[in-house]
Amino acid sequence: MNLLTTNETYFFREPRHFELLRERVLPEYKIKHLRGYSNPLRIWSAASSSGEEAYSLAMVCDDVLGTMEWEILGSDINSSILDKARLGLYEMSRIEGIPQAYLKRYCLKGIGSHSGQLLVDASLRNKVFFMRLNLNDYLPDLGGFDIIFLRNVLIYFEMATKQKVVSRVLKRLNPGGWFFVSHSESLNGIQHDLVQQAPAVYRKEAAA
């Protein structure tokens, strides 16, 4: 299975999604928290590969939310790529998408045997958890999420499988929660209870 999977990813891929998080999604959560909502923000990077997407999300969360509680789950079917994600250690050649301010604040430049590499700061790594999941199979009880990124996954499935995967994942999205797919993907032809907010961005209606 590890040999068959595609692991193409990089930091802040499709940057407009991260801009939307920074400008709208997370500020809304911040207001909600200030009004008394006490649960930590939970985000699921459902096809996290080697972790760049999950750590990109973590940088934005820390920047916008400050001391508020949040946590991120990164999942993938490839166990070896998840081992790499847990390390948070990357080649310097892969940092192009990271904003300079975040690069200085959240990344440590390697020296000695780690020259040419960077390490994501422990303050972020301690809030990002990785586990092996097959989205095309039964999912364990993961709890509910306020934001789910399911990007660059659906393009590999035929329609019937897309429907099953989306339905399975959306059961974990809280009312009012946000759902992101890749700009190269669409939910056209897939039954769901989401309202489109922007290209490749959807939201589940809040509970009455």
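Let's start at Trp 44, which sits in strand 1, residues 41–45; strands here are DSSP runs of E with at least two residues, helices are runs of H or I with at least four, and both are numbered from the N terminus. This is a predicted model, where local features need pLDDT of at least 70, side-chain atom pairs count only at pLDDT 80 or more, and totals for chains, interfaces and linings use all residues. Residues are numbered from 1 along each chain as its sequence is written, and side-chain values use heavy atoms, with hydrogens and water left out.

So, is Trp 44 buried or exposed? Trp 44 counts as buried because its relative accessibility is 0%; buried means under 20% relative accessible area, exposed means over 50%, and partly exposed is in between, using a 1.4 Å probe and protein chains only. Setting aside residues up to four places away in sequence, Trp 44 touches a long list, including Leu 73, Ser 75, Leu 133, Phe 145, Ile 147, Phe 149, Val 169 and Arg 172. A contact means heavy atoms within 4.5 Å. Please also look at Gly 144: it is 100 residues from Trp 44 in sequence, yet their C-alpha atoms are 9.3 Å apart.

Following the chain onward, we reach Ser 49, in the loop between strand 1 and helix 2. Ser 49 is buried too, with a relative accessible area of 4%. Its C-alpha lies 8.9 Å from that of Lys 84, which is 35 residues away along the chain.

Now to the nonpolar cores. A nonpolar core is a set of buried Ala, Val, Leu, Ile, Met, Phe, Trp, Tyr and Cys residues joined through side-chain atoms within 4.5 Å. The largest one has 42 residues, and those touching the most other members are Leu 21, Leu 41, Met 59, Leu 65, Ile 98, Ile 147 and Phe 180. Which helix gives this core its largest share? That is helix 2, residues 52–65, with nine residues. A second, separate core holds 24 residues, among them Leu 150, Val 166, Val 181 and Leu 194. In soluble globular proteins, nonpolar side chains tend to be buried together.

Take Leu 21 as an example: beyond four places in sequence, Leu 21 touches Leu 26, Pro 27, Leu 57, Val 60, Ile 147, Phe 149 and Phe 180.

His 17 lies in helix 1, residues 15–34. With 1% relative accessibility, His 17 counts as buried. Its contacts, leaving aside neighbours within four places in sequence, are Phe 149, Arg 151, Phe 180, Val 181, His 183, Pro 199, Ala 200 and Val 201.

Just a moment on the segment before helix 1, where we find Phe 12 and Glu 14. Phe 12 has a positive phi of about 55 degrees although it is not a glycine, and Glu 14 likewise has a positive phi of about 55 degrees without being a glycine. Phe 12 is buried at 7% relative accessible area, and Glu 14 is buried at 15%.

Finally, let's step back to the whole chain. There are six helices and 10 strands. The radius of gyration, taken over C-alpha atoms, is 17 Å, close to the 17 Å that the globule rule (2.2 Å times the number of residues to the power 0.38) gives for 208 residues, so the chain is as compact as a globular protein of that length. Of those 208 residues, 48% count as buried. Among contacts between residues at least 6 apart in sequence, 77% join residues at least 24 apart.
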